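Trainee: Could we go through this one together? I'd like to see how each label is earned.

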Amino acid sequence: MKTDIQRGLVLRNEKCHEHYTTEFLYNLYSSEGKGIFDCRINVLGHLQQGGAPTPFDRNYGTKLGVKAVLWIEVAMVGCVPLPGRVFANSGDSACVIGLRKKVVAFSPVTELKKVTDFEHRLPQEQWWLNLRLMLKMLANYQISLTEYISGKMEHVTRRTLSIEKGF
């Protein structure tokens, strides 16, 4: 790092070693760098969930932010105010804002917990699965409407795919 090369990259898998965590490696390199180089942590799973925001994203984010602030104002009126504090003890005092059936809605976290598959980070009910028949018809698949079986979402856990087993 003391030469002309001014950057480096360390890649690690979360299951590589129980003691060599991302935080440990960051602390190690930060300590050993001592003014020669600095370190940053980038977890790819977090980076893959976004990207550069478009003007639509910025506009939509602003609109959701305004709706959230207005919701907080209304929610605070219903809470028991203490000197310098707000006491919120109802189940809908912690909500997530988002689209639900084409409408911007606030969903209490207690309700979302009941309908979320935390292992796969997905809703338990996938609304679009009911559209599969229509999608196949639009794609001119040769299917029989009387024999069609609507499917459920399955998570592939095998590392290899096999035609004999249907994958």
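Trainee: Which elements have the lowest and the highest mean pLDDT?

Mentor: Helix α2 (residues 44–47) has the lowest, 56, and β4 the highest, 89. Here pLDDT is the predictor's confidence in each residue, from 0 to 100, while helices (H or I, at least four residues) and strands (E, at least two) are DSSP runs numbered from the N terminus. The chain averages 76, and 72% of the residues score at least 70. This is a predicted model, so local features need pLDDT of at least 70 and side-chain atom pairs count only at 80 or more, while totals for chains, interfaces and linings use all residues. Residues are numbered from 1 along each chain as its sequence is written, and side-chain values use heavy atoms, with hydrogens and water left out.

Trainee: How many aromatic pairs does a search of the whole structure find?

Mentor: The search gives 3. One of them joins phenylalanine 56 and tyrosine 60, 5.8 Å centre to centre with 5 degrees between the planes. Rings of Phe, Tyr and Trp (its six-membered ring) pair if their centres lie within 6.5 Å; planes under 30 degrees apart are stacked, over 60 edge-to-face, and the rest tilted. By that rule, this pair is stacked. Both residues lie in helix α3 (residues 55–77), 4 residues apart, about one turn of the helix.

Trainee: Why is phenylalanine 56 called exposed?

Mentor: Because its relative accessibility is 59%, and exposed means over 50%, buried under 20% and partly exposed in between (1.4 Å probe, protein chains only). Tyrosine 60, at 26%, therefore counts as partly exposed.

Trainee: What makes the pair of tryptophan 71 and phenylalanine 106 stacked?

Mentor: The ring centres are 5.2 Å apart and the planes sit at 20 degrees, so the pair is stacked. This pair links distant parts of the chain: tryptophan 71 is in helix α3 and phenylalanine 106 in strand β4 (residues 103–108), 35 residues apart. Tryptophan 71 has a relative accessible area of 24%, so it is partly exposed; phenylalanine 106, with 26%, is partly exposed too.

Trainee: Is glutamine 126 buried or exposed?

Mentor: Its relative accessible area is 13%, so glutamine 126 is buried. It is found in the loop between β6 (122–123) and α5 (132–138). A polar atom of its side chain lies 3.1 Å from the backbone oxygen of proline 123.

Trainee: And how many disulfides does the structure hold?

Mentor: It holds 0, a disulfide being a pair of cysteine sulfur atoms within 2.5 Å. Cysteine 39 is partly exposed because its relative accessibility is 21%.

Key. Polar contact = N/O pair within 3.5 Å; in protein donor to acceptor, adjacent residues only side chain to side chain.
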